[in-house]
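Colleague: Got a minute to go through this model with me? I have some short questions.
Modeller: Go ahead, with the structure in view.

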Amino acid sequence: MYRVTIDRDACDGVFACLTRDSRFVEDDDGLATLETSSGDVEADAETVEATFADDHAADAEAAAAACPFDAITVEEVSES
Ligand code: SF4
């Protein structure tokens, strides 16, 4: 499993992430959020976070690498 986190304070709406991973979408505030049917998305004013158990971690990592503000974090998490 892996967790994807967007730091909304760091995000500046460049949307380089959207072209790397279609789970990243623009929200009503013009910032990136996550939209998916396969993971639970939790969002508050500062962060958007979702945990996935699929084989698309590389897509999320590509989005993280493309973000000019390092607003995206992808980390392995253990099953619980
Ligand atoms: S690439 Fe980074 S700054 Fe740009 S929208 Fe995505 S998360 Fe936000």
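Colleague: Which residues lie nearest the centre of the largest cavity?
Modeller: Cys11, Val14, Phe15, Cys17 and Cys67 do, out of 14 residues that line the largest cavity. Keep in mind that this is a predicted model.

Colleague: How much space lies in the largest cavity?
Modeller: About 100 Å³.

Colleague: And how many cavities of 30 Å³ or more does a search of the whole structure find?
Modeller: One.

Colleague: How do the residues of its lining divide?
Modeller: The lining of the largest cavity has 12 nonpolar residues, one polar and one charged.

Colleague: Where does the ligand sit?
Modeller: In the largest cavity.

Colleague: Which residues are around the ligand?
Modeller: Cys11, Asp12, Gly13, Val14, Phe15, Ala16 and Cys17 are among them. The others are Ala32, Cys67, Phe69, Ala71 and Ile72.

Colleague: How does that shell divide into nonpolar, polar and charged?
Modeller: The shell around the ligand has 10 nonpolar residues, one polar and one charged. Gly13 counts as the polar one and Asp12 as the charged one.

Colleague: Change of topic: strand 5. Which residues are on its covered face?
Modeller: Val48, Ala50 and Phe52. The uncovered face of strand 5, which spans residues 47-52, has Thr47, Glu49 and Thr51.

Colleague: Why do the side chains alternate like that?
Modeller: In a regular strand, side chains alternate between the two faces of the sheet.

Colleague: How many bridges join strand 1 to strand 5?
Modeller: Six, and the two strands run antiparallel, with strand 1 covering residues 2-7. As one pair, Tyr2 has Phe52 of strand 5 as its bridge partner. Phe52 is also on the covered face of strand 5.

Colleague: What about strand 4 and strand 5, in which sense do they pair?
Modeller: Antiparallel, over four bridges, with strand 4 at residues 40-43. Glu42 has Glu49 as its bridge partner in strand 5, and Glu49 belongs to the uncovered face.

Colleague: How many residues are between strand 4 and strand 5?
Modeller: Three, and the two strands form a hairpin.

Definitions and conventions:
Residues numbered from 1 in each chain as written. Predicted model: local features only at pLDDT ≥ 70, side-chain atom pairs only at ≥ 80, totals over all residues. Heavy atoms only, no water. Buried < 20%, exposed > 50% of the residue type's maximum accessible area, 1.4 Å probe, protein only. Pairing = 2+ DSSP bridges. Near = heavy atom within 4 Å. 1 Å grid on protein atoms, 1.4 Å probe; cavity = no way out; pocket = protein on both sides within 12 Å on 5 of 7 lines; lining within 4 Å. Sits in = over half its atoms within 2 Å of the grid points. Points joined across faces, edges and corners; volume = space filled by probe spheres on them.
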